[in-house]
Amino acid sequence: MTQTIGTARRSISRAIKESRDWCKEGEPSKGVACLQAVESLAIKLRDPMAERGLMRAMSACYRAQGATQDAISCLLRGIDISSQIGAYTGDADMFGEIGDLYVELGDYDAAQLYYDQCLKALDED
């Protein structure tokens, strides 16, 4: 059964919402699983905005699990997608989140670099 584009996008949106709910309920691993299940839809649709949204949501789930490096990887992928499509809305937030994650890891130099990028992105908005 082939999904329509609208149905696929609704599935992706629903998965993002469900992942937030799982995180709030203290089960972020279920949130990650739910997002991974629809990630291929975003790729198949060639919908980079949906893929970027999935990366941000997946980052939040990984962070809630304590998987800080995985959370950083997702955010970096989201920023890379932004660069590919030339749409930078939300990037300042992602840079700030990466800075926060590096603080959690105790890498204050890396955190400062991302906080600087956050401020630069805010100035460019």
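Colleague: What volume does the largest pocket have?
Modeller: This is a predicted model, where local features need pLDDT of at least 70, side-chain atom pairs need 80 or more, and totals for chains, interfaces and linings use all residues. Numbering runs from 1 along each chain as its sequence is written, and side-chain values use heavy atoms, without hydrogens or water. A pocket is an open set of points on a 1 Å grid where a 1.4 Å probe fits, with protein on both sides within 12 Å along at least five of seven lines. Filling the largest pocket with probe spheres set on its points gives a volume of about 210 Å³.

Colleague: Which residues lie nearest the centre of the largest pocket?
Modeller: Ten residues line the largest pocket, lining meaning an atom within 4 Å of a point. Nearest its centre are Tyr 88, Asp 91, Phe 95, Ala 121 and Glu 124.

Colleague: And which helix gives the most to that lining?
Modeller: Helices here are DSSP runs (H or I, at least four residues), numbered from the N terminus. H4 (68-85), H5 (91-105) and H6 (108-124) each supply at least two lining residues. With four residues, the top contributor is H6.

Colleague: How many aromatic pairs does the structure hold, and how is the pair of Tyr 102 and Tyr 114 arranged?
Modeller: There are two aromatic pairs in the structure, with rings pairing if their centres lie within 6.5 Å (planes under 30 degrees apart are stacked, over 60 edge-to-face, the rest tilted). For Tyr 102 and Tyr 114, the ring centres are 5.7 Å apart and the planes sit at 15°, so the arrangement is stacked.

Colleague: How many residues apart in sequence are the parts that this pair ties together?
Modeller: Tyr 102 and Tyr 114 are both buried, that is, under 20% relative accessible area (exposed is over 50%, partly exposed in between). They also form one aromatic cluster with Phe 95. Tyr 102 sits in H5 and Tyr 114 in H6, so the parts tied together are apart in sequence by residues numbering twelve.

Colleague: Which residue follows H5?
Modeller: H5 has buried residues, including Ala 92, Met 94, Ile 98 and Leu 101. Right after H5 comes a residue with a positive phi, near 85°, and that's Gly 106.

Colleague: Is Arg 46 buried or exposed?
Modeller: Arg 46 is in the loop between H2 (28-45) and H3. Its phi is positive, about 55°, though it isn't a glycine. Most residues other than glycine have a negative phi. With a relative accessible area of 75%, Arg 46 is exposed.

Key:
Rings of Phe, Tyr and Trp (its six-membered ring) pair if their centres lie within 6.5 Å; planes under 30 degrees apart count as stacked, over 60 as edge-to-face and the rest as tilted. Buried means under 20% relative accessible area, exposed over 50%, partly exposed in between (1.4 Å probe, protein chains only).
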